[in-house]
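Please read this note with the model open. The points below cover enclosed space first and single residues after that.

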Amino acid sequence: MDNDTLDMLRTSLRHVLTEANTVPLAERLAELGWDDVVADDPVTALHTLFTLKGDTVSSADAIGPRLAAALADALGDPQLTTATIGLDSPFGPSALAADGSLIVDAVVFTPPATNPVVVLVDAVHLGVVSGNTLTCTALTTTDGNLAQYRLTGNVPAAQVQCIEGATASIAWNAMVTHGRWLIACELVGIAQHVIASAAQYTGERIQYGKPIGTFQALQHRIASAHVLVVGAARLTEFAGTSGDAWSALVAKTVAGQAAENACTQAQQCYGAIGFTWEHEFHHYLRRTYVLDRLLGDWRSLERQIGNELMTSRQVPKIGML
Amino acid sequence: MTSPVATPTADMFDSPSAYAAALQQFLSTDERAKPYIGYRPHSLEDSASHLTGLQALLFDSGWSRLGWPHSAGGLGGDPRFRAAMFQTLWNMDMPIPEPFTTLEILVPVLLVFAPHLSDALLPGLLRGDDTWAQAFSEPDAGSDLASLRTKMEPDGEGFRLTGQKVWSTFGHLSKRSVLLARSGGPGHKGLTMVLVDLDQPGIEVRPIRAEDGENHFSEIFLDNAWVPADRVIGTLGQGWAIAMYMLQWERGAWGWLQQGRFHQRLQQAVELGTPNPDFAQQLGHAYALSAALRLTTKQTVERLAREEQLGPEVSVDKLLLIDAELATWDAIRAYLGPRFEADDSLQWLRHEYLFSRAAPIYGGSQEIQRTLVAQRVLGMPRD
Ligand SMILES: Cc1cc2nc3c(=O)[nH]c(=O)nc-3n(C[C@H](O)[C@H](O)[C@H](O)COP(=O)(O)OP(=O)(O)OC[C@H]3O[C@@H](n4cnc5c(N)ncnc54)[C@H](O)[C@@H]3O)c2cc1C
């Protein structure tokens with residue numbers, strides 16, 4: 001994609017992400033000819049969309065359809081592109097009972113209606129059930145603007161389709177990898193916004209007769225936060241082009257950490273105003289906390305990386321010259 | 001066994017990675033490379049003399065000449081070839097000879113501002129026949145480098161230097177040094193960069209023992225030392241501008257070289273240690289930062305290879321390097337447990353650990369870099 005096309009794309013995506021409109025994002029994107037843009041250059045298109053989504057703290061459900069597309073693609077089952085993917089629920093796992101019925105407990109971003117719902121049961125089992133066999137309850141989360149729903153139910157064996165073995169684990173992992181990359185893009189978008197906006201504010205707010213941005217204590221907070229964001233951005237770009245599981249894992253780890261740290265440092269620069277609902281900041285903070293939890297929070301992922309290094313006794317290198 | 005390739009040239013390889021693979025093949029099959037694989041030095045002097053052999057081997061077989069221009073005795077190709085060589089040496093657990101790191105910082109500057117010097121002197125430097133130091137800092141000019149006082153006065157066909165330099169890495173093991181002196185009035189504009197011979201009557205070099213117990217750097221006393229006019233780098237008064245140009249290499253390309261070390265040392269640690277979930281997060285954190293450094297400096301090396309002019313954003317590379325370096329060594333020390341402090345066979349690793357404590361100080365301290373990033377990259381106001 002050349003720079004002019006990319007600029008145009010950014011402008012129209014920003015509009016779609018911020019307009020007041022209840023039509024699902026997927027349908028509004030479709031009107032833009034989004035499917036062709038993605039088909040043409042998926043990495044740039046998706047990277048741009050999710051980074052902007054972070055930048056604008058848009059609440060549209062962009063990730064749900066992408067997870068379904070990734071799973072459908074990995075399974076070679078186009079019907080599943082309309083599926084709703086049930087992510088880990090904080091209240092308990094989904095499980096297969098002895099009689100073959102499926103106990104569902106999962107989290108989604110859009111109510112599934114009658115669409116199929118796919119949940120992870122264990123490393124080698126996915127359960128597929130119809131959305132209308134489940135109870136859908138809106139969740140109250142840290143981020144009230146980002147809709148999340150809990151799906152629960154006990155679906156009899158006859159209504160459960162099971163995907164098993166390596167097919168199941170390979171497909172689910174491919175979906176997780178894709179999702180981690182996209183969430184990393186979004187977290188980087190948040191972090192970049194928060195840093196730029198705090199840096200600007202410190203140039204405007206005057207105390208002791210000068211802009212507070214002249215104080216080294218604030219300069220150093222923002223600079224050190226920026227450094228991790230740059231690292232996260234490079235990892236995220238690489239994870240997009242390479243598409244491999246390890247770089248997406250590391251990218252989401254650093255992006256989660258960078259966004260949380262950017263929020264912590266930026267908040268201090270705002271003083272009291274940043275602590276209020278009169279300021280946009282709290283939306284970014286809340287969104288960061290909720291996004292970081294999806295597909296593994298950064299602390300858990302750091303542990304996962306460390307365990308992998310210790311047990312494999314191998315330290316892989318990401319990216320070659 | 002014989003070496004598989006005659007003299008390599010840049011056009012033999014599609015990419016620096018292809019070159020790296022061929023170099024790895026050479027180093028793992030050529031008998032002459034054996035003494036350097038997994039080499040653990042007893043002291044810095046021991047390491048310096050042993051690794052001269054590796055430098056000569058890499059030069060004579062042509063591998064270290066890639067990434068340098070033909071005019072200066074190189075074999076062509078852009079700086080990514082040099083970066084790929086460093087990565088390959090780390091992959092093979094072969095230490096990077098210290099003069100290479102000085103070269104990486106000083107020679108790109110000569111290529112632009114004093115090609116007559118790089119053309120004449122690079123081959124000897126690259127081969128290890130000659131070693132150079134960098135003498136900028138003074139006892140009263142650390143972070144505030146532009147306040148330096150070493151005097152440079154015209155005398156016939158050259159100049160006389162009088163003053164004192166300090167913290168000059170490898171100074172006592174070097175034949176020459178790039179030096180920043182005051183040829184004019186106060187401030188940035190009065191500074192000039194020269195290449196001075198250290199083995200002359202007007203100069204005394206005294207090694208200083210660093211935290212790791214090694215004579216890592218030196219004091220240099222100059223009393224009417226001589227420097228011929230053709231050893232001026234750039235022009236009189238251009239010293240500060242050239243020092244700023246140098247920073248893109250000192251802060252950018254250096255980071256790539258170091259991330260190779262961090263990955264290699266983490267590799268050593270996971271080979272030596274006993275898996276223990278208590279240390280999983282600390283190791284994961286160190287690895288993630290090293291990976292972030294790797295991709296960030298990879299982009300910087302690629303930009304340098306395209307001859308882009310890099311600005312204050314290279315301070316980001318240096319700051320990320322500091323974070324990655326401290327995190328990596330802290331994780332290694334924690335993971336290896338009490339034996340890290342006591343095991344005889346780990347002395348070399350302890351020395352590297354101790355040396356890592358200098359990361360936030362040298363080459364512009366962490367505070368100086370953060371201020372640069374805040375003001376010049378993020379546009380925060382200056383006082
Ligand atoms: C291992 C090592 C190798 C080195 N190699 C070389 C070499 O080869 N050639 C060479 O010329 N020099 C070399 N140096 C010197 C190095 O560049 C200086 O140490 C560095 O510039 C800092 O100067 P200083 O040590 O005098 O500390 P100071 O400038 O005295 O700083 C002390 C503390 O004050 C802080 N500080 C100072 N000014 C400010 C400010 N404006 N704002 C906020 N904080 C501030 C610093 O961040 C630091 O924490 C080396 C140093 C080390 C440790």
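1. A cavity, as the word is used here, is a set of grid points where a 1.4 Å probe fits but cannot get out. The model is a predicted one, and it holds three cavities of 30 Å³ or more. The largest cavity has about 80 Å³ of space.

2. Which residues line the largest cavity? The lining is made up of B:Pro79, B:Arg82, B:Ala83, B:Phe86, B:Glu104, B:Trp249, B:Ala253, B:Trp256, B:Val301 and B:Leu304. Three helices of chain B, α3 (80–91), α6 (239–272) and α7 (280–305), each give two or more residues to this lining. By class, eight lining residues are nonpolar, none is polar and two are charged.

3. The second largest pocket holds about 820 Å³ of space. It is lined by 30 residues, and the closest to its centre are A:Asp88, A:Arg293, A:Leu294, A:Leu295 and A:Gly296. At least two lining residues come from each of β1 (84–88), α6 (165–204), α8 (245–270), α9 (281–293) and α10 (298–312) of chain A. The largest share, six residues, is supplied by α6(A). The lining divides into 16 nonpolar, ten polar and four charged residues.

4. Helix α6 of chain A also contains A:Ala196. This alanine is classed as partly exposed because its relative accessible area is 46%. A:Ala196 and A:His125 are 71 residues apart in sequence, and their C-alpha atoms are 44 Å apart in space.

5. B:Asp212 deserves a look. It sits in chain B, in the loop between β6 (203–208) and β7 (217–228). What is the nearest side chain of opposite charge to B:Asp212? That side chain is B:Arg209, 8.0 Å away, and B:Asp212 is buried without a salt bridge. A salt bridge would need a side-chain nitrogen of Lys or Arg within 4 Å of a carboxyl oxygen of Asp or Glu. Setting aside residues up to four places away in sequence, B:Asp212 touches B:His351, B:Leu354 and B:Phe355.

6. B:Val373 belongs to helix α11 (residues 366–377) of chain B. Is B:Val373 buried or exposed? With a relative accessibility of 0%, B:Val373 counts as buried, because the buried class takes in values under 20%. Apart from neighbours within four places in sequence, its contacts include two residues of chain A, A:Ala223 and A:His226. On chain B, B:Val373 is in contact with B:Ser315, B:Val316, B:Leu319 and B:Leu378. B:Val373 and B:Pro312 are 61 residues apart in sequence, but 6.8 Å apart in space from C-alpha to C-alpha.

7. Two backbone angles should be checked. Most residues other than glycine have a negative phi. A:Ala113 has a positive phi, near 50°, and is found in the loop between β3 (102–108) and β4 (116–122) of chain A. A:Ala113 counts as exposed because its relative accessibility is 54%.

8. The other angle belongs to B:Glu307, which is not a glycine yet has a positive phi of about 60°. B:Glu307 lies in chain B, in the loop between α7 and α8 (314–336). Its relative accessible area of 74% is the reason that B:Glu307 is classed as exposed.

Notes. Residues numbered from 1 in each chain as written. Chains lettered and ligands numbered in written order. Predicted model: local features only at pLDDT ≥ 70, side-chain atom pairs only at ≥ 80, totals over all residues. Heavy atoms only, no water. Helix = DSSP H or I, 4+ residues; strand = E, 2+ residues; numbered from the N terminus. Buried < 20%, exposed > 50% of the residue type's maximum accessible area, 1.4 Å probe, protein only. Lys, Arg positive; Asp, Glu negative; His and termini not counted. Contact = heavy atoms within 4.5 Å. 1 Å grid on protein atoms, 1.4 Å probe; cavity = no way out; pocket = protein on both sides within 12 Å on 5 of 7 lines; lining within 4 Å. Points joined across faces, edges and corners; volume = space filled by probe spheres on them. Nonpolar A, V, L, I, M, F, W, Y, C, P; charged D, E, K, R; others polar.
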